[in-house]
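Dear colleague,

I am passing on the model we spoke about, with my notes below it. Please look it over before you read on.

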Amino acid sequence: MKKIIYIFTALLAIGITSSCKKFVDINDNPNAPTSVDASTLLPPMLAGMARGNWYDSRYIGQYVQIWGAPTALNVWDQEGYIPGSDSGGEMWRTVYFSLGQNVNLMMQDAIAGKKYDYIGVGWALRAWGWQNGADEYNNMVVKEAYDPTKLTFNYDSPEYVYAEVVKDCQTALNYLNLAINTNGNTSASLAKGDYMYYGDLLKWRKFVYAILAQNTLHQSNKSTFNADLVKKYVDSSFVSNADNASVQCTGSQSGDANFWGPTRGNIPSFRQSDYMVKLLDGRIFTGAAEQDTLADPRLPLLLARSKDRAFRGVVAPLGDPNTADGNISIPAMAGATTANSGTASAKYIFNDNSRGVLMTYSELQFFVSEALFKKGDLQGAYTAYINGIKGALDFVSNPPIGSSLTGTQKYISQTAIDSYLAGPSVRQNAASLQLSDILQQKFISLFVWGAPEVWSDMRRYDYSTSIFQGYVIPTTIYPDNAGKQVYLLRPRYNSEYIWNVPALKLIGALDPDYHTKKPWFVLP
């Protein structure tokens, strides 16, 4: 992190010191502007947010068994990590590099120009970064993050980081409200750089409330947990998939393509999990012994069939035991196959110009359902549970693509949706609702893009197989774990383990089993 901070500090110093002002006046280079308009800084920051989620999801997705490696004993399938590698450190990079001083620079321009919309968005991005960083790494550098006099940086307590999220969200809301009151609900100025909501300030405000809801829910194990506060925040947030937070991907070449699209070629490296298959083929929700390929209309859109037309998945860390038999081997996750043919078709978010999804309406409804279930409000929990399932079905039927926050593909017919909602995979009344129903339907809704949130759920419930009923604890655990399951990602190697070793030592991050330490947010 030291190099990152020093580079940006040096750039800042050039722009603001009076000794440089005359030089700037007579050496104006249009290709290297000394002051940058907020609208030019926002797009790469939004892209960095999607990138942080994408890159770390590769490994977190294996931890939570959304997918696994095709070969046995993969280190991530064993809930381990790769020493001396930045693997699993992308969100750290996002917080301190992709956002980092870029947020400060954007807000400097915004403050000077009284661009309250950009100031509000800047604080929203900062809050999102702290929330996602703390969820993955626990300890983060907040107070000293941008102090140019520091050579090493002290980590703040995770409790402090989670409080900072709330503080930054409130600041974001203040400025967004000011922008709305000043210029209306839509900002043409913000739209120039906004590839998430295209200047819609009401949607940005909803996004901030979504972060607050997530921050509150993740502390559900604490005595201070307030279920009603989760609902209050969600009620001020997304009302449909049209409000979902996602970043536009152009898909014209690898650099601007969706991470899960064919050009990037990342998803075929994995194999769908046995757990995911059983959630969709009826065996978990109905207790059926045999696979029912018609149990869930999302099944043929999300997963891939073997050549014999059956759906199979890997069990960590065993890989695919059928690789020698092309008829029953587990196919690569290269996109969906249609229900009635064996031809591959790019559905769901597997296109090059599919949007980079960050948060969704269905996810938030499951927040409410879980919170109210824990409170004892079963009817309220059930209503949100059904809303979450409906939102998730709609999301798969009409995945976001290009500049559209929702698609119009209608891959799933209304008849199929109604049949699923009335079927055995969905609880038909509040009295029969279980926590496992809520969290496993949420698991499905987060497929591919939402692995970090799934991991937060699993860690909050200590990987309980009574809640995550198809999850199987790996038969072989990474040796450094000392038999324990994984609870943290390690800070990014090429900043912290190179430059910030004294601070790492203070939090125990030099210990071989540090990644098994339970983060603050899951503790009572």
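Is Gly287 buried or exposed? Gly287 is exposed, at a relative accessible area of 58%, where buried means under 20% relative accessible area, exposed over 50% and partly exposed in between, with a 1.4 Å probe and protein chains only. Please keep in mind that this is a predicted model, in which local features need pLDDT of at least 70 and side-chain atom pairs count only at pLDDT 80 or more, while totals for chains, interfaces and linings use all residues. Residues are numbered from 1 along each chain as its sequence is written, and side-chain values use heavy atoms, with hydrogens and water left out.

Gly287 sits in the loop between helix H10 (274–280) and helix H11 (299–302); helices (H or I, at least four residues) and strands (E, at least two) are DSSP runs numbered from the N terminus. Its C-alpha atom is separated by 9.6 Å from that of Pro424, a residue 137 residues apart along the chain.

Gln365, in helix H12 (residues 361–375), counts as buried because its relative accessibility is 10%. Leaving aside neighbours within four places in sequence, Gln365 is in contact (heavy atoms within 4.5 Å) with Val234, Ala384, Asn387 and Gly388.

As to empty space, on a 1 Å grid over the protein atoms alone, a cavity is a set of points where a 1.4 Å probe fits but cannot get out, a pocket is an open set with protein on both sides within 12 Å along at least five of seven lines, and lining residues have an atom within 4 Å of a point. Grid points are joined across faces, edges and corners, and a volume is the space filled by probe spheres set on the points.

There are five cavities of 30 Å³ or more, and the largest has a volume of about 160 Å³. It is lined by 14 residues, of which Asn53, Asn132, Gln214, Leu358 and Pro452 are the closest to its centre. Helix H5 (116–137), strand S6 (356–359) and helix H16 (451–460) each supply at least two residues of this lining, with the largest share, four residues, coming from H5.

The second largest pocket holds about 340 Å³ of space, and of the 20 residues that line this pocket, Ala47, Trp54, Gln248, Gly255 and Asp256 are the closest to its centre. Helix H3 (38–63) and helix H4 (90–112) each supply at least two residues of the pocket lining, and H3 gives the most, with nine residues.

Best wishes
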